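Reader: I'm new to this one and would like a close look at a single part. Could you walk me through one strand and what surrounds it?

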Amino acid sequence: MTRYLFDNTGIQTENRFQALEACYDPFSRRQLARTGLAPGWRCLEVGGGGGSLGDWLGERVGPGGEVTITDLDPRWATRDRPPHVRVLRHDIVTEPLPLPADGYDLVHARLVLLHLPERLDVLDRLVAALRPGGLLVLEEFDCTWQPVLTAPDAASAALYERVQAALMAQLEKRGADGAWGRNVYGAMVRAGLTDLTATTYAESWTGGGTGVGLHQANARQVADGLRAEGLTDSELARYHALLANPAFTVNSLPLISVTGRRRAAGEAAAR
Ligand SMILES: C[S@@+](CC[C@H](N)C(=O)[O-])C[C@H]1O[C@@H](n2cnc3c(N)ncnc32)[C@H](O)[C@@H]1O
């Protein structure tokens, strides 16, 4: 059994990927473009999910470049692709990485290491997969900050917070780190990267909108686990009604995007 809680066999996966792509792809594309991404680059997209960002990388690097999209279960990344974009079933924790001769120009992972208890080892592997001077972009949630902005009543806001806490408890039982987003920058410094920058993206999500579709998909997929955390069917029904109610608005999960560069051979470590 995979340790990943929201595994891609769930029928809710399509809705999860749609929400992630709609809410976060424009931001992620801006962050990736800021690396200087150019035709001919060799890119690795780890845990690529539905593959939308890997496909966008493929457009940017063109047929003279290469994009490898990996996922533990790539069943949702099925669209037709040009020959320079390939999709691999691959476990980033246990399997050797496919590498171009001198390493990747760019490695990107969004919302993958958060789920992996072995995240620091995986980070080291991603750094090692870069060519000297290559860039790593990690984008992760800080799940500890998701304030309710307005709710029909105080009980609804409290229920939302209870369900989110129960979702976090489920994730943490599988080894996820809900605060990983705020720890990524420091971990990348300790992994030896340089020239780090971090940018955080968040927005308001209103009931019935695209963003809350992420919470709907997650809570539906692990409903049994939420019941085991003490939530009743009636509370779960009220939670889903709240997510469909335009009188409810919550802050999105903030996505912290960190870019760092692998030092070139002989380049001194920062003091
Ligand atoms: C929350 S989804 C994020 C998908 C995509 N990166 C995005 O942001 O839209 C996490 C993805 O990581 C994949 N994943 C989980 N564990 C993995 C592992 N050990 N190796 C590779 N992919 C993994 C899952 O299958 C899933 O597609």
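Let's take strand β1 (residues 42-46): how many of its residues are buried, and why is it described as enclosed or not?

Author: Before we start, this is a predicted model, so local features need pLDDT of at least 70 and side-chain atom pairs count only at pLDDT 80 or more, while totals for chains, interfaces and linings use all residues. Residues are numbered from 1 along each chain as its sequence is written, and side-chain values use heavy atoms, with hydrogens and water left out.

Now, β1. Five of the five residues in strand β1 are buried, so the strand is largely enclosed by the rest of the structure. Buried here means under 20% relative accessible area, with exposed being over 50% and partly exposed in between (1.4 Å probe, protein chains only). Strands and helices are DSSP runs, numbered from the N terminus: E with at least two residues for a strand, H or I with at least four for a helix.

In a regular strand the side chains alternate between the two faces of the sheet. Look at β1 with that in mind: Arg42, Leu44 and Val46 point one way, Cys43 and Glu45 the other way, and all are buried.

Next, the neighbours. β1 pairs with strand β2 (residues 66-71) in the parallel sense, over four bridges; to count as a pair, two strands need at least two DSSP bridges between them. Across from Leu44, in β2, you'll find Thr68. To get from β1 to β2 the chain goes through helix α2 (residues 52-61), and this β-α-β crossover is right-handed, meaning that with the strands pointing away from the viewer, the path from the first strand over the helix to the second runs clockwise.

β1 also runs parallel to strand β4 (residues 104-110), again with four bridges. There, Glu45 has His108 as its bridge partner.

Now for the ligand. It has 17 residues around it, and the closest are Gly47, Asp71, Asp91, Ile92 and Arg110 (a residue counts if one of its heavy atoms lies within 4 Å). In the side chain of Asp71, an N or O atom is 2.6 Å from a ligand oxygen atom. A backbone N or O atom of Leu72 sits 3.2 Å from a nitrogen atom of the ligand. On its own the ligand exposes 600 Å², and the protein buries 97% of that (Shrake-Rupley method, 1.4 Å probe).

One last stop: Leu111 is in the loop between β4 and α3 (119-128). Leu111 isn't a glycine, yet its phi is positive, near 60 degrees. Leu111 is buried too, with a relative accessible area of 13%.

Methods. Polar contact = N/O pair within 3.5 Å; in protein donor to acceptor, adjacent residues only side chain to side chain.
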